[in-house]
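Work through the exercises below with the sequence and the model open. Each task is followed by a solution in steps.

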Amino acid sequence: MRVEVDLDLCQGHGMCEMEAPDVFAAHTDHVEILDADPDESKRAEVEAGVHFCPTQALRIIEDQASQHVTHDDE
């Protein structure tokens, strides 16, 4: 999982930092991503931070490995 911020949309509200302070740091007018590739154990916090962003400036990009689905019955 990788986290990205669209700085054109971000206004630095800091909702993401409240949800995942190890990953996001709010500044006056933008958010800094402290850990762009957070450990999977932080997924719930990161997803909450993305979800509660009032300007929808954050997104999670899934790694190729996590998107690969195998079908054992084929």
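On a 1 Å grid over the protein atoms alone, a cavity is a set of points where a 1.4 Å probe fits but cannot get out, and lining residues have an atom within 4 Å of a point. Grid points are joined across faces, edges and corners, and a volume is the space filled by probe spheres set on the points. The model is predicted: local features need pLDDT of at least 70 and side-chain atom pairs pLDDT 80 or more, while totals for chains, interfaces and linings use all residues. Residues are numbered from 1 along each chain as its sequence is written, and side-chain values use heavy atoms, with hydrogens and water left out.

**Exercise 1.** Find the volume of the largest cavity and describe its lining.

Step 1. The search of the whole structure returns one cavity of 30 Å³ or more. The volume of the largest cavity is about 60 Å³.

Step 2. Its lining includes Cys10, His13, Met15, Val31, Cys53 and Thr55.

Step 3. Sort the lining by class, with Ala, Val, Leu, Ile, Met, Phe, Trp, Tyr, Cys and Pro as nonpolar, Asp, Glu, Lys and Arg as charged, and the others, Gly among them, as polar. The result is six nonpolar, five polar and no charged residues.

**Exercise 2.** Which parts of the sequence does the salt bridge between Glu4 and Arg59 tie together?

Step 1. A salt bridge is a side-chain nitrogen of Lys or Arg within 4 Å of a carboxyl oxygen of Asp or Glu. For Glu4 and Arg59 the N to O distance is 2.8 Å.

Step 2. Glu4 belongs to strand 1 (residues 2-5) and Arg59 to strand 4 (residues 58-61), so the bridge joins parts 55 residues apart in sequence. Helices (H or I, at least four residues) and strands (E, at least two) are DSSP runs, numbered from the N terminus.

**Exercise 3.** Is Arg43 buried or exposed, and which residues share its network of salt bridges?

Step 1. Buried means under 20% relative accessible area, exposed over 50%, partly exposed in between (1.4 Å probe, protein chains only). Arg43 has 17% relative accessibility, so Arg43 counts as buried.

Step 2. Arg43 forms a salt bridge with Glu40, with closest N and O atoms 2.3 Å apart. Glu40 is partly exposed at 45%.

Step 3. A salt bridge also links Arg43 to Glu47 (3.2 Å, N to O). These two residues lie four apart in helix 2, which means a separation of about one helical turn.

Step 4. The network of salt bridges links Glu40, Arg43, Glu47 and Glu62.

Conventions:
On a 1 Å grid over the protein atoms alone, a cavity is a set of points where a 1.4 Å probe fits but cannot get out, and a pocket is an open set with protein on both sides within 12 Å along at least five of seven lines; lining residues have an atom within 4 Å of a point.
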